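User: I'm new to reading protein models and would love a close look at one part. Could you walk me through it in a connected way?

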Amino acid sequence: MRLLFSLALITFSCAAAEPVVVRCGHLFDPVSGAAAANVDVKVDGDSIVSVGPAGAGAPAVDLSGGYCLPGLIDVHDHLTSDPAHSGYSSLGISVPRHALTGAKNAQKTLLAGFTTVRNVGAEGYTDIALRDAINDGDLIGPRMLVSGPALGITGGHCDDNLLAPEYKYIGEGVADGPWAARTKVRLNIKYGADVIKICASGGVLSKGDTPGAPQYTPEEMKALIEEAHRLGRKVAAHAHGTQSIKEAILAGVDSVEHCSLIDDEGIRLAKEHGTFLVFDIYNDTYILSNGKQDGLLPEMIDKEKQIGKLQRQNFAKAWAAGARMAFGTDGGVYPHGDNWKQFPLMVEYGMKPAEAIRAATSEAADLLGMNDRLGRVAPSHFADLIALDGDPLSDINALGRVKFVMKSGKVYKNDWAPPTVTH
């Protein structure tokens, strides 16, 4: 089976030297919010060259029974992490093992329809190695924008506080003070980071801190954000706490992650500054159901119980107030490939299905600074296209039934293709 899959990829890659027509039964455009029937998408190399009404000829790829969308984007992922490596068991996971975990999870994520991810935090620059291996064609996975190690204070959420003092271990992203923080930004960029991830507040899945408590000071955040922007990188701030969310926005951060305890002023500031909010509201379901068996510490589960419901309520409040949101799930807290399970919750808490899809396509592309290449099925964009078994505008759970995946003009999954006959 694996051999046939590989041969299918090779066959398509060779054929793709000529333009290829993909016929969609329906095609959704996230910008207009409308879907068109019987559409041909012409692909040349890694890009789309035209989109229009279906022609008379037979298409190279027939998705006339499917509902097509742009490739999905998850802007908060951790491909080199796995829920099975939680709590104290994480101490036994080496940097090479993290990298191999990433190779497994990258393929699962792509085949689930997520053709681009922003990976915000990884051990030992393994996300950078994974990105490069995918780009070089050594591995199957989504397009990746990566941060390297997340930056934070000593003893904070982005440190590692599981070991006893005699081990004298400090997380590789720890930087205290404005100039130390600038230096860490420069170091991550030196080793290949596309984006910078910082921890403005405490977190849930860390030992000894409180989600609502501020960590990086406004002075430290201003310094590292200025440095990142000077070097052409955007900054994502982990921030559960009310104060830290506002301080990160005022310091110029590009997106706030988690946003659990955001208040009305924080929402107003996000709107005024054009800051994206990224709420990972599926995690609560998974952590409370599976966290204990995955090895999470009791204090971690208790923290989730305290803020999970509040996060969902604040998601609804922020959306109703008109804040910009991008789809991000914190993949790695739950099993990779289940990213789509956040969509039904986004709809339950206030979004229309088209709005939830927009958050994972054109809005996410805006956050990444790639709206000229990602987030739509349109000329000059990357040929990232998925097809579902069902209409997600009437059944949001159809996003869990991805039957076709194309990334950069290459087909990685096609459950509508005729079965291969072997003798």
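Which exposed residues does the face of α7 turned away from its buried side carry?

Analyst: Happy to help! This is a predicted model, in which local features need pLDDT of at least 70 and side-chain atom pairs count only at pLDDT 80 or more, while totals for chains, interfaces and linings use all residues. Residues are numbered from 1 along each chain as its sequence is written, and side-chain values use heavy atoms, leaving out hydrogens and water.

The face you ask about carries Asp264 and Glu272, both exposed. Here exposed means over 50% relative accessible area, buried means under 20%, and partly exposed lies in between (1.4 Å probe, protein chains only). Helix α7 itself covers residues 264–273; helices (H or I, at least four residues) and strands (E, at least two) are DSSP runs, numbered from the N terminus.

Now turn to the buried side, where you will find Gly266, Ile267, Leu269 and Ala270. These residues cover an arc of only 160° around the axis, so they sit on the same side of α7. That arc is taken from the directions from the helix axis to the C-beta atoms. Some background helps: an α-helix has 3.6 residues a turn, so residues three or four places apart point the same way.

What do the buried residues of α7 pack against? Their partners are α6 (242–251), β11 (276–278) and α9 (298–321), where contact means heavy atoms within 4.5 Å. Finally, follow the chain past the helix: α7 is followed by Gly274, which has a positive phi, near 70°.

For a second example, look at α4: its buried residues include Ala181 and Val185, and the face turned away from its buried side carries the exposed Trp179 and Lys190.
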